[in-house]
Amino acid sequence: STREVAAGVCLVGDGGTGGSKNGGCPWYEPLEEFLAGKSIRNYARGGATVKYFLDRIGEIPEADLYVVAVGTNDVRYREEEICAMTADEYVSRMAKLYQQLCAKKAGAKVVFIAPWTSLDGDTQSSLPFAEKRRMNGEYCDALKAYCGRYGVMFINANPYLESVFATQPESRYMVDFIHPNAGAGVRLYAEAVLRGEQRE
């Protein structure tokens with residue numbers, strides 16, 4: 001029906017989903033050909049944390065499928081007013097977001113993408129790189145465990161991304177420490193999601 005086509009897919013996320021810093025090219029753009037015939041809505045904001053979306057749940061469009069990639073800024077910013085300060089708090093907020101998205105449309109599905117890895121030299125984070133990476137891993141693992149308990153689709157693109165960054169110059173793919181560039185970067189991120197570690 002026209003309504004079903006209109007509902008389509010909604011991407012919910014932070015700067016990588018919004019195309020921050022790279023001219024507005026979201027990480028999923030190379031995958032749009034696989035969504036032919038579906039409307040694609042983008043509800044993203046650079047710098048967003050989970051709380052940002054919970055506070056604006058009424059603004060998020062109705063969709064058949066939500067692809068949600070948020071959490072890296074909860075780790076990076078360490079601001080209690082806007083961030084989930086622990087992995088448990090992060091999962092609690094993601095669970096609430098899941099429930100509220102599913103309530104928007106009968107039969108709606110949600111895919112969670114683990115919080116994106118961020119690189120060294122992160123000028124927006126007060127955390128030392130090793131601590132930031134450790135915490136990001138904790139948040140990823142906690143989200144994976146939640147998804148496993150409740151049968152939610154989950155993808156962790158970070159192992160693939162980090163394997164590429166370990167052998168090739170980050171500057172080939174990245175605008176900075178967190179945002180993929182509009183060429184090789186978004187292709188890499190899209191491939192990482194397709195190849196990502198999924199919840200079994």
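Tutor: Let's start with a definition: a helix axis is a line fitted to C-alpha atoms over the stretch in contact, and angles between N-to-C directions run from 0 to 180 degrees. Keep in mind that this is a predicted model.

Student: Okay, so at what angle do the axes of α5 and α6 cross?

Tutor: Find α5 at residues 87-102 and α6 at residues 129-150. Their axes come within 9 Å. The crossing is right-handed, and its angle is roughly 45°.

Student: Why do α5 and α6 get the label they have, and what is that label?

Tutor: Angles under 35 degrees count as roughly parallel, and 65 to 115 as roughly perpendicular. The angle of roughly 45° fits neither range, so α5 and α6 are oblique.

Student: Which residues of α6 make the contact with α5?

Tutor: On the α5 side, look for A87, Y90, V91, M94, A95 and Y98. By class, the contact has ten nonpolar residues, no polar ones and one charged. The α6 side is made up of E138, Y139, A142, L143 and Y146.

Student: Now α7 and α8: how are they placed, oblique or parallel?

Tutor: The axes of α7 (residues 158-165) and α8 (residues 184-195) come within 8 Å and cross at roughly 130°. Angles over 145 would count as roughly antiparallel, and 65 to 115 as roughly perpendicular. The angle here falls in neither range, so α7 and α8 are oblique.

Student: How many residues of the contact of α7 with α8 are charged?

Tutor: α7 brings Y160, L161, V164 and F165, while α8 brings L188, Y189, E191, A192 and R195. Seven of the contact residues are nonpolar and none is polar. The charged count is two.

Student: On to pockets! What is the volume of the largest pocket?

Tutor: To find this pocket, look for W27, L31, L35, V67 and V193, which lie nearest its centre. β1, β3, β4 and α8 each supply at least two residues of its lining. The volume is about 260 Å³.

Student: How many residues in the lining of the largest pocket are nonpolar?

Tutor: The lining holds 14 residues. It has no polar and no charged residues, and the nonpolar count is 14.

Student: Which helix gives the most to the lining of the second largest pocket?

Tutor: This pocket has a volume of about 170 Å³ and 18 lining residues, with G47, N73, R76, I178 and H179 closest to its centre. Both α2 (15-18) and α4 (72-77) supply at least two of the lining residues. With four residues, the top contributor is α4.

Student: And how many polar residues are in that second lining?

Tutor: Six of the residues lining the second largest pocket are nonpolar and three are charged. The polar count is nine.

Definitions and conventions. Residues numbered from 1 in each chain as written. Predicted model: local features only at pLDDT ≥ 70, side-chain atom pairs only at ≥ 80, totals over all residues. Heavy atoms only, no water. Contact = heavy atoms within 4.5 Å. Nonpolar A, V, L, I, M, F, W, Y, C, P; charged D, E, K, R; others polar. 1 Å grid on protein atoms, 1.4 Å probe; cavity = no way out; pocket = protein on both sides within 12 Å on 5 of 7 lines; lining within 4 Å. Points joined across faces, edges and corners; volume = space filled by probe spheres on them. Left-handed = near helix turned anticlockwise from the far one by under 90°.
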